[in-house]
Each structure stands twice: as structure tokens, then as C-alpha cells.
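Open the model in your viewer and keep the sequence panel beside it. The stops below go from the whole chain to single residues.

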Amino acid sequence: PELSCIRVVCHHAFPKRTPAPKTKMAEETNAAAPEGNPNLKIFVGNISFRTTAETLSEVFAEFGTVTNSSVITRGTRSLGYGFVEMATEEQAAAAIAGTNKRVVDEREINVELAKPQTERKKTRSGSSRPRNKARKADAPRTPSQTMLFVANLPFAVDDEGLLEIFADLKPVKAHIARKRSGRSKGFGFVEFANQADQEAALAARQGHVADGRELNIRIAMEVENDEGAEEASATSTA
């Protein structure tokens with residue numbers, strides 16, 4: 001009897017430990033891993049930095065019951081995408097069909113069924129970092145004297161659109177960085193004839209807003225490749 005009493009006391013004195021809550025970084029990493037039915041969770045991309053989870057709920061409530069909505073952030077800054085979960089598969093399918101390419105907060109959103117986390121892991125594990133990219137990461141970089149790095153661009157902006165933003169500032173050429181699929185990476189480069197024009201354009205376009213997005217404009221960095229030529233890098237000076 002005395003031993004049984006000790007066991008009871010120990011059981012109550014040391015309750016079962018509960019897992020610590022996920023950190024924000026873990027939340028971002030696992031954001032596309034639906035729990036339960038994967039056909040209920042919807043990915044919403046290309047959203048405005050002004051768009052909130054409440055905004056998404058209001059938009060998707062037109063198609064049924066929204067059980068959850070979120071905007072993924074790093075710190076307090078939106079990463080430009082979020083997720084909405086509907087009550088039924090029928091509602092999710094209707095919401096995707098009815099909201100894809102809709103304009104919300106002056107941005108045309110991209111809507112599709114969210115990919116399961118396992119599928120995303122397979123995609124990542126099936127690719128390896130090319131050696132030439134590793135070498136470029138280690139190569140010395142120097143500030144360009146003629147080129148600007150322009151980030152936070154709307155995905156709809158093409159080379160001509162980027163050139164048009166600087167049209168009155170003597171740009172020579174401009175190009176958008178793109179993925180293999182052809183989709184914009186959201187940043188690009190603008191080249192000028194000389195350093196004076198480059199610096200004038202940098203000063204003139206600071207804080208410029210394009211389609212509701214404030215552009216991040218900096219001096220581009222140049223990296224020397226294996227052949228001795230120099231090319232622009234996405235890394236930029238402040």
C-alpha cells in the first residue's frame with residue numbers, strides 16, 4: 001500500500017510534457033502541409049502586402065465556410081502569400097475557380113490547391129545545388145558603377161515595364177530575373193551608361209510604388225565568373 005501511494009504521488013508530481021509551440025520559421029516551412037483532408041486547403045499567391053487573413057476570409061466566404069485563413073510572414077512583413085481552408089471539397093473547388101486571377105487590394109491573386117508537405121519535400125530532395133552556383137556564391141563581388149538592382153517588383157512587370165519605370169532617367173537596358181518556368185522572380189536589373197546616371201536614378205526612384213508595391217532599389221553587385229567576365233548578382237549594397 002505504501003508503494004502504491006508513492007506511485008500515485010509521482011504520477012501527479014510529474015505530469016506528461018507537452019511539445020513546445022512551433023516557431024515562426026517552422027510555421028513558414030510547414031505552411032503548405034495540410035492536416036487532414038488535403039483537398040480543403042488553398043494556396044493564395046501574389047497577394048498585396050496590405051492583404052490580411054481577415055481580407056482572405058471575406059473574399060473566400062462567398063464560396064462557403066472558411067474554417068481557417070492565414071498570411072505567411074517573416075517577422076511582421078508579409079511574404080506575399082497565404083492559405084485558406086474551406087469546410088468541404090466542393091467549396092474549395094468553387095473558391096479556387098471563382099477567385100483565381102481576381103484582383104484583391106489592387107493585386108491579381110494566384111489561387112490553387114495547396115501542395116502537401118510530402119510533395120514539397122520530394123521536390124527539394126530531388127534537386128541539388130549546381131557547382132557553378134556554389135562557386136559564384138564564393139566569388140568576390142564589387143559594387144557596379146552602372147547597374148541598379150530592383151526588388152519587390154510586381155510579377156506582371158516585364159523587361160519593357162521595368163525600363164519604363166526609369167524611362168526619364170536615361171536607362172540603357174533592363175531585364176527581369178526569371179525562373180526556368182519563365183515566371184518572374186520579382187526582381188531585375190537596370191543598366192545605365194555611367195555612374196552619374198546610375199546614382200541619379202537611384203536617388204530619383206527611392207520609394208517608387210509600382211502596382212501597389214514599394215520598390216527596393218540598390219546598387220547592384222558584380223561577380224567575376226570562371227571566364228573572367230563580370231555579371232550582375234542578386235546581392236546588392238545598401
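What share of the contacts in the protein chain with a separation of 6 or more comes from residues 24 or more positions apart? The share is 64%. Keep in mind that this is a predicted model.

**The whole chain**

Start with everything selected and colour by secondary structure. The protein chain contains 8 helices and 13 strands. It has 238 residues, and 36% of them count as buried. Switch on the surface: the accessible area is about 14800 Å², and carbon and sulfur atoms account for 51% of that.

**The sheet**

Next, select β1, β2, β3 and β6. These 4 strands make an open sheet with antiparallel pairing, in the order β2-β3-β1-β6. The edges are β2 (66–74) and β6 (110–113); each has a single partner strand, so one side of each has no neighbour in the sheet. From one strand to the next, the twist averages 20 degrees.

Now narrow the selection to residues 41–45 and 77–86. The former are strand β1 and the latter strand β3, and the two pair in the antiparallel sense over 5 bridges. To look at one bridge, pick V44, whose partner in β3 is G82.

**The helices on the sheet**

Add residues 53–60, which form helix α3. Helix α3 lies across β1, β2, β3 and β6, and runs at about 145 degrees to β2. Then add residues 89–99, helix α4, which also packs on the sheet. Helix α4 touches β1, β3 and β6, and its direction makes about 155 degrees with that of β6.

**Around helix α4**

Show the side chains of α4. Which of its residues are buried? They are Q91, A92, A95, I96 and T99. These residues lie on the same side of α4, because they cover an arc of only 135 degrees around the axis. The buried residues of α4 pack against β1, α3, β3 and β6. Turn the view to the face away from the buried side, where the exposed residues E90 and A97 are found. Just after α4, select K101, which takes a positive phi of about 75 degrees.

**A residue in an edge strand**

For the last stop, select T73, which is in strand β2. Is T73 buried or exposed? Its relative accessible area is 15%, so T73 counts as buried, the cut-off being under 20%. Display G75 as well: the side chain of T73 reaches the backbone oxygen of G75 at 3.3 Å.

Terms used
Residues numbered from 1 in each chain as written. Predicted model: local features only at pLDDT ≥ 70, side-chain atom pairs only at ≥ 80, totals over all residues. Heavy atoms only, no water. Buried < 20%, exposed > 50% of the residue type's maximum accessible area, 1.4 Å probe, protein only. Contact = heavy atoms within 4.5 Å. Areas by Shrake-Rupley, 256 points an atom, 1.4 Å probe, with all protein chains shown as cover. Pairing = 2+ DSSP bridges. Axes fitted to C-alpha atoms, helices over the stretch in contact; angles between N-to-C directions. Polar contact = N/O pair within 3.5 Å; in protein donor to acceptor, adjacent residues only side chain to side chain. Arc of directions from axis to C-beta.
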